[in-house]
Each structure stands twice: as C-alpha cells, then as structure tokens.
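Q: Hi! I have a protein model open and would like to talk it through. Can we start with one residue and work outwards?

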Amino acid sequence: MTRPFCGDCDRIRLTADGQLRNCLFATGEADLRTPLRAGADDAALRALIHENLAAKLPGHGINDPGFLQPRRPMSAIGG
C-alpha cells in the first residue's frame, strides 16, 4: 500500500465462487451464488448487495494492532 485511499474507495469485489467483498481486506463476504441458484429476483439480490455495502468500514485498518488478515488473501479472490 503506497498510500491510504479507503475514504475514496468505491470498489467491491465479486469472487469467482460468487462471494461479494466490500474491501480486499474484509474478513466477511456476502454469498450471492446460493440465492442466485435458488432463483432470487433482482430485488432480493439488490438488498443483499446494499446490506454488504452498508457494512463497509471506513478503512481496512491494516496498520492497527488488532488487524486480522482475511481468511482468503486477495490473490485467492482475484484481487
């Protein structure tokens, strides 16, 4: 990380296995694959995406003493 940019970040990541991440360093992911396969409509998917985006933290905290590395690093999700 050459400089912090979290305050301006508007990126989300959709992994190859259908998980939505609101930050490369997020420890949680929203499962979109299961609802899609179950026939969820656009409104239900939109609600899941909005819920995930609302949980986006103001920063990744990589320099904080309590920082926890995500279970799957960015190389494992295509970041």
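Q: Is Arg 21 buried or exposed?
A: This is a predicted model, and in it Arg 21 counts as buried because its relative accessibility is 1%, where the cut-off for buried is under 20%.

Q: Okay, and where is Arg 21 in the fold?
A: Arg 21 sits in strand β2, which covers residues 19-21.

Q: Which side chain meets Arg 21 in a salt bridge?
A: That is Glu 29, with an N to O distance of 3.0 Å. The structure holds one salt bridge.

Q: How exposed is Glu 29?
A: Glu 29 is partly exposed, because its relative accessible area of 24% falls between the 20% and 50% cut-offs. So the bridge joins a partly exposed Glu 29 to a buried Arg 21.

Q: What else is Arg 21 in contact with?
A: Leaving out neighbours within four places in sequence, Arg 21 is in contact with Ile 12, Arg 13, Ala 26, Gly 28, Glu 29, Asn 52, Pro 70, Arg 72 and Ile 77.

Q: Arg 13 caught my eye there. What is the nearest side chain of opposite charge to Arg 13?
A: It's Asp 10, at 8.1 Å. Arg 13 is buried but has no salt bridge.

Q: So which backbone oxygen lies 3.4 Å from a polar atom of the Arg 13 side chain?
A: The one belonging to Arg 11.

Q: And where is Arg 13, and which residues are in contact with it?
A: Arg 13 is in strand β1, residues 13-14. Apart from neighbours within four places in sequence, its contacts are Gln 19, Leu 20, Arg 21, Asn 22, Cys 23, Leu 24 and Ile 77.

Q: Changing topic: which residues form the largest nonpolar core?
A: There are five: Cys 23, Leu 24, Phe 25, Ala 26 and Ile 77. In soluble globular proteins, nonpolar side chains tend to be buried together.

Q: What does Ala 26 touch?
A: Ala 26 touches Arg 21 and Pro 70, not counting residues up to four places away in sequence.

Q: Now the whole protein. How many helices and strands, and in what order do the elements run?
A: There are three helices and three strands. From the N terminus the order is β-β-β-α-α-α.

Q: How much of the protein is buried, and how much area does the protein expose?
A: Of the 79 residues, 28% are buried. The exposed area is about 5700 Å², with carbon and sulfur atoms supplying 54% of it.

Q: Last one: what share of contacts join residues at least 24 apart?
A: That share is 53%, among contacts between residues at least 6 apart in sequence.

Notes:
Residues numbered from 1 in each chain as written. Predicted model: local features only at pLDDT ≥ 70, side-chain atom pairs only at ≥ 80, totals over all residues. Heavy atoms only, no water. Helix = DSSP H or I, 4+ residues; strand = E, 2+ residues; numbered from the N terminus. Buried < 20%, exposed > 50% of the residue type's maximum accessible area, 1.4 Å probe, protein only. Contact = heavy atoms within 4.5 Å. Areas by Shrake-Rupley, 256 points an atom, 1.4 Å probe, with all protein chains shown as cover. Lys, Arg positive; Asp, Glu negative; His and termini not counted. Salt bridge = Lys/Arg side-chain N within 4 Å of Asp/Glu carboxyl O. Polar contact = N/O pair within 3.5 Å; in protein donor to acceptor, adjacent residues only side chain to side chain. Core = buried A, V, L, I, M, F, W, Y, C linked by side-chain atoms within 4.5 Å.
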